[in-house]
Every structure is written in structure tokens, then in C-alpha cells.
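Hi everyone, thanks for making room for me today. Let me put the sequence and the structure up on the screen, and then we can walk through them together.

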Amino acid sequence: MRTPGAFLSILLLLCSSAVARQAGLADSLGSRQLIVVVTSGWDDVQATLYAYEKQHGRWVLQFSHAAVVGAKGLGAGDGIVPVPMPGAPVKKEGDLKAPAGIFSIGAAFGYAPGNDAPFIKNRYIQAKDTVICVDDAHSTYYNKIISADTATTRDWSSFEHMHLTKDYYRWGLFVAHNSPNAVPGHGSCIFIHIWGNANEGTEGCTAMEENNMVTLLHWVDAAKKPLLVQMPADEYKAVMAKYGLPVLP
């Protein structure tokens, strides 16, 4: 017959195992930086961005500010792990929705030469006039930023210029949605960049005031494997514990 002490030991062991599984799942994401973007609902444009860094095993808030997402809100996207979001709209090419899910962060980009951006700790692409992002789902370059003048084949019929007359792409980050193994039609050329204003949604990106974008670029560090965690607040709360994500203010 087991004693009460034995039952208590078993209970503590089970609880410890559950905590270890949760911590292990969060650790398996391999990230020490999180860019968390939440909206009030799937159709909302306005969002709040929170930047967290892992310090002594805990997520510590570094800064937060306003942001906007797609003009039609959010849609469940293709990220690094499957995130259960029952009933969510699905992100598709050209739907004006920003992707919801958990995504790795790729290269930084901007109009300035690399020598003028020594603070950037990610791979940097200067957005020259010849640099484009291909959104043609039939192209071998689909969902990739390339130099059009050095491409081995010009098999695209549509693309996006990375050097614009406006400041939207003066500074930005590539979001690895539907990447690296892009599925045609699931969405392409998703960035974090400068907004037009606080009420203007994007074509599928996440955007913010230029000063905040520069702050983000000073902070984000490829060596810390930054992730974008983006979804409506209710969905975030539902998966927060499963993925070891921080409790938002």
C-alpha cells in the first residue's frame, strides 16, 4: 500500500515532467528573441508589437509599440510549427491578409548601402532598383528576393520592386512565411517594414512607424534566432502555454 508521501512524490514527478515538456517545446524553437504581434481579431488592422528577449530562462519585455497588419487582417499562414487556430481564415496569395502563426526572421533590407547600416545584425540586402521579390507562383523564384539582372532565368510574370519611391521599404525584415519550401498560392513576399500611417493596412505585411522599425533593427539579432509570433490575442492566449510564450502585459 502506497503512503501519502509516496502519492505526493508521484504527483510532484508528474508535475515536473509536464513542466519539462512545456519548457522543452519552447526551447526547441531555438529562439532567444520573440517579436510578438497581436490584434483584437482576425479582421483588425491595428496591432501591438512586443519585443521579448530570453534572459536567465525567462522572457523579458524589451519594448512595445503600435503596428498594423494586412488591410484585410490576418489569415493562418505556413510557419515553422503548426499552430492550431480552429475556424481561422487561411492566408492565400493576394488576399491582403498578413500571416498568423510562428515564423522565423530572414534577411534585413533597406535603401542604404550596407556600410551605412553597421547596427544591423542580420544578413543585409541593399534594395537597389534591380532587386525584386517574386510573387508569381509559377516562377522558380517564387517568394524570394533576387537581383533581376543576375537571375539565371526570367520566368516570372509578376514581382514587387524592393526599391520604392515611398519609404515603406527604407528599412525592413523578411518574414519566412511559406519559406523556404514555398507552396504556390500560399502567399509570398511578407515583410516587416515602415507603415504609411496608423490606420493604413498593408498588402500582407506587418508595418510600423519608421523610428520603431529602426529600433527593431537595432535590437533583432540573427544569432539569437528571432521569431515572429503573430495572431489575434485570443488565439495567442490559447497556445501560449503550449509553446512556452510570454504572458503579454
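Let's begin with contacts. Among the contacts in the protein chain with a separation of 6 or more, 63% are between residues 24 or more positions apart. Please keep in mind that this is a predicted model. The chain has 249 residues, and 46% of them count as buried. In secondary structure, we have 3 helices and 13 strands.

How confident is the predictor, as an average pLDDT over the protein chain? The average is 91, and 89% of the residues score at least 70. There is a stretch to treat with care, though: residues 6-22 have a pLDDT below 50, and beyond near neighbours in sequence this stretch has 3 contacts in the model. Where pLDDT is low, the predicted coordinates should not be read in detail.

Now to the strands, beginning with β13. Please find residues 227-232 on the screen, which make up this strand. How many of the residues of β13 are buried? The count is 6 of 6, so to speak of β13 as mostly covered is fair, given that buried means under 20% relative accessible area.

Who are the partners of β13? Strand β1, residues 33-39, runs parallel to β13, and 6 bridges join the two. As an example, V38 has M231 as its bridge partner in β13. Strand β5, residues 98-110, pairs with β13 in the antiparallel sense, over 4 bridges. Here you can look for G101, whose bridge partner in β13 is Q230.

Let's follow β5 to another partner. β5 also pairs with β10, in the antiparallel sense and over 4 bridges. One pair to look for is A108 with L173 in β10.

Are the faces of β10 covered or open? Both faces are covered: W171, L173 and V175 are buried on one side, and G172 and F174 are buried on the other. That fits the count for the strand, with 5 of its 5 residues buried. β10 also runs antiparallel to β11, with 3 bridges joining them. In that pairing, G172 stands opposite H193 in β11.

Between β10, residues 171-175, and β11, residues 191-194, there is a loop, and N178 lies in it. Is N178 buried or exposed? N178 counts as buried, because its relative accessibility is 2%. And what does N178 touch? Leaving aside residues up to four places away in sequence, N178 touches D78, Y142, N143, V183, H186 and G187.

Finally, let's talk about pockets. Rolling a probe the size of a water molecule over the atoms shows where empty space is left. The largest pocket holds about 390 Å³ of space. It is lined by 24 residues, and the closest to its centre are E160, Y169, T202, E203 and G204. By class, that lining divides into 10 nonpolar, 8 polar and 6 charged residues.

The second largest pocket holds about 220 Å³. Of its 13 lining residues, the closest to the centre are R123, N143, K144, I145 and F174. Two of those names should ring a bell: N143 is touched by N178, and F174 is a buried residue of β10. The lining of the second largest pocket has 7 nonpolar, 4 polar and 2 charged residues.

That's my tour, and I'm happy to go back to any part of it on the screen.

Notes. Residues are numbered from 1 along each chain as its sequence is written. This is a predicted model: local features need pLDDT of at least 70, side-chain atom pairs count only at pLDDT 80 or more; totals for chains, interfaces and linings use all residues. Side-chain values use heavy atoms; hydrogens and water are left out. Buried means under 20% relative accessible area, exposed over 50%, partly exposed in between (1.4 Å probe, protein chains only). Two strands pair if DSSP finds at least two bridges between them. On a 1 Å grid over the protein atoms alone, a cavity is a set of points where a 1.4 Å probe fits but cannot get out, and a pocket is an open set with protein on both sides within 12 Å along at least five of seven lines; lining residues have an atom within 4 Å of a point. Grid points are joined across faces, edges and corners, and a volume is the space filled by probe spheres set on the points. Ala, Val, Leu, Ile, Met, Phe, Trp, Tyr, Cys and Pro count as nonpolar, Asp, Glu, Lys and Arg as charged, and the others, Gly among them, as polar. pLDDT is the predictor's confidence in each residue, from 0 to 100. Contact means heavy atoms within 4.5 Å.
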